[in-house]
Protein chains: 2
Amino acid sequence: MSGSSDTEQFMQAAFAEAQKGYDEGGIPIGSVIVHNGQIIGRGHNRRVQQGSPILHGEMDAFENAGRQKASVYAQATLYTTLSPCAMCSGAILLYGIKRVIVGENQTFLGEEELLKSRGVSVEVRHDSACRDLMRRFIAEKPELWNEDIGQEL
Amino acid sequence: MSGSSDTEQFMQAAFAEAQKGYDEGGIPIGSVIVHNGQIIGRGHNRRVQQGSPILHGEMDAFENAGRQKASVYAQATLYTTLSPCAMCSGAILLYGIKRVIVGENQTFLGEEELLKSRGVSVEVRHDSACRDLMRRFIAEKPELWNEDIGQEL
């Protein structure tokens, strides 16, 4: 990964979650939610680990952040290793997260345009580590990946 | 509730979930997902019960339906007592649910237009039982309700 500063640190934390998911035999997508310079929720996709269709990485981060006030979400930034799908983008919109940092959007392009159209700042980092991990996973388990995005091979 | 047939039966099942949530001290929104005339997942909002910001009624129904093939979702109908928010609408879009039956949209109007713009059939039943239960809850616990839709009083 390139870059420096807090943004780099938090994207590395999201990537560490993705790697943990991969190591567990799951789908390697990770996310952290940051407020006032602190991670308040972190998570990774748990489709395999918990048999869950709703625990995408971002959703798991929301869940682990727990119940928060609207004023906290409004000041928070969500980091995710992969461009957020419709469900995760919907959660971002519901809670009024205003800034989303995306590791990469080449292996999957989510609802970035919808987010932007609602005033969310979306920054894509084109991170090669995030992309390479996803590419490896998709090559290894294409059916699992398709299931996660509502597709069927 | 008015109407008859399967639609009525499934909306009553969603309402029973909402009522269960209310009786538990939670937010009274319920949902069922139906495939081939059978309920494959049912759920209700669990913000209070599980301290969860992601288990809206529809999300809980998806979770309880478990991992499904895209071909199942494509033939499924989601029933919800209340117009689906951005997060739940996003899940509907992710999984390609093509038909959504909504109890009421007067106490809260969700992302019905977004769903329709993506080709989802949205039918609002203007059900007085769903509406009355939500109105009672909102009057009793306005702060909790606002938290659930990402607002702050």
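**Helix 3, the sheet and the shared core**

In chain B, helix 3 (residues 57–65) lies across strand 1 (30–35), strand 2 and strand 3. Its direction is at about 130 degrees to strand 2 of chain B. The model is predicted. Helix 3 of chain B is largely enclosed by the rest of the structure, because 7 of its 9 residues are buried. These buried residues are B:Gly57, B:Glu58, B:Met59, B:Asp60, B:Ala61, B:Phe62 and B:Ala65. Acidic residues are thus on the list, B:Glu58 and B:Asp60 among them. After helix 3 of chain B comes B:Gly66. The phi of B:Gly66 is positive, near 75 degrees.

The sheet under consideration belongs to chain B. This open sheet has 5 strands in the order 2-1-3-4-5, and its pairing is mixed. Strand 2 (38–44) and strand 5 (121–124) of chain B form the edges, each pairing on one side only. On average, neighbouring strands of this sheet are turned by 15 degrees against each other, direction ignored. Strand pairing in a sheet runs through backbone hydrogen bonds, either parallel or antiparallel. Strand 3 (residues 76–82) and strand 4 of chain B pair in the parallel sense, over 5 bridges. Within this part of the sheet, B:Thr80 has B:Val102 in strand 4 of chain B as its bridge partner. Strand 4 (residues 99–104) of chain B is mostly covered, with 5 of its 6 residues buried. A second helix also crosses these strands. Helix 7 (residues 128–140) of chain B lies across strand 3 and strand 4 of chain B. It runs at about 60 degrees to strand 4 of chain B.

The loop between helix 5 and strand 4 of chain B contains B:Ile97. B:Ile97 has a relative accessible area of 1%, which means that it is buried. Its contacts, leaving aside neighbours within four places in sequence, are B:Phe62, B:Tyr73, B:Ala76, B:Leu78, B:Ile92 and B:Val120. B:Phe62, one of these partners, is itself among the buried residues of helix 3 of chain B. B:Glu8 lies 89 residues from B:Ile97 along the chain. The C-alpha atoms of B:Ile97 and B:Glu8 are separated by 19 Å.

Helix packing was examined in chain A. Helix 3 (residues 57–65) and helix 5 (residues 86–94) of chain A pack at an angle of about 35 degrees. Their axes are 8 Å apart. On the side of helix 3 of chain A, the contact involves A:Glu58, A:Met59 and A:Phe62. Helix 5 of chain A meets them with A:Met87, A:Cys88, A:Ala91 and A:Ile92. By class, the residues of this contact are 6 nonpolar, no polar and 1 charged.

A:Phe62 reaches beyond this helix pair. Not counting residues up to four places away in sequence, A:Phe62 touches A:Ile33, A:Tyr73, A:Leu78, A:Ala91, A:Ile92, A:Tyr95 and A:Ile97, and also B:Pro53 and B:Ile54 of the other chain. The largest nonpolar core has 94 residues. Those with the most contacts inside this core are A:Phe62, A:Trp145, B:Phe62 and B:Trp145. Helix 5 (residues 86–95) of chain B gives the most to this core, with 8 residues.

The two chains superpose closely. Chain B can be laid on chain A with an RMSD of 0.0 Å, by a turn of 180 degrees and a shift of 0.0 Å along the axis. The two copies are therefore related as by a two-fold rotation axis. The same surface serves both copies, as 100% of the contact residues of chain B recur in chain A.

Key
Residues numbered from 1 in each chain as written. Chains lettered and ligands numbered in written order. Predicted model: local features only at pLDDT ≥ 70, side-chain atom pairs only at ≥ 80, totals over all residues. Heavy atoms only, no water. Least-squares fit on C-alpha atoms with pLDDT ≥ 70 in both. Contact = heavy atoms within 4.5 Å. Axes fitted to C-alpha atoms, helices over the stretch in contact; angles between N-to-C directions. Helix = DSSP H or I, 4+ residues; strand = E, 2+ residues; numbered from the N terminus. Core = buried A, V, L, I, M, F, W, Y, C linked by side-chain atoms within 4.5 Å. Buried < 20%, exposed > 50% of the residue type's maximum accessible area, 1.4 Å probe, protein only. Pairing = 2+ DSSP bridges.
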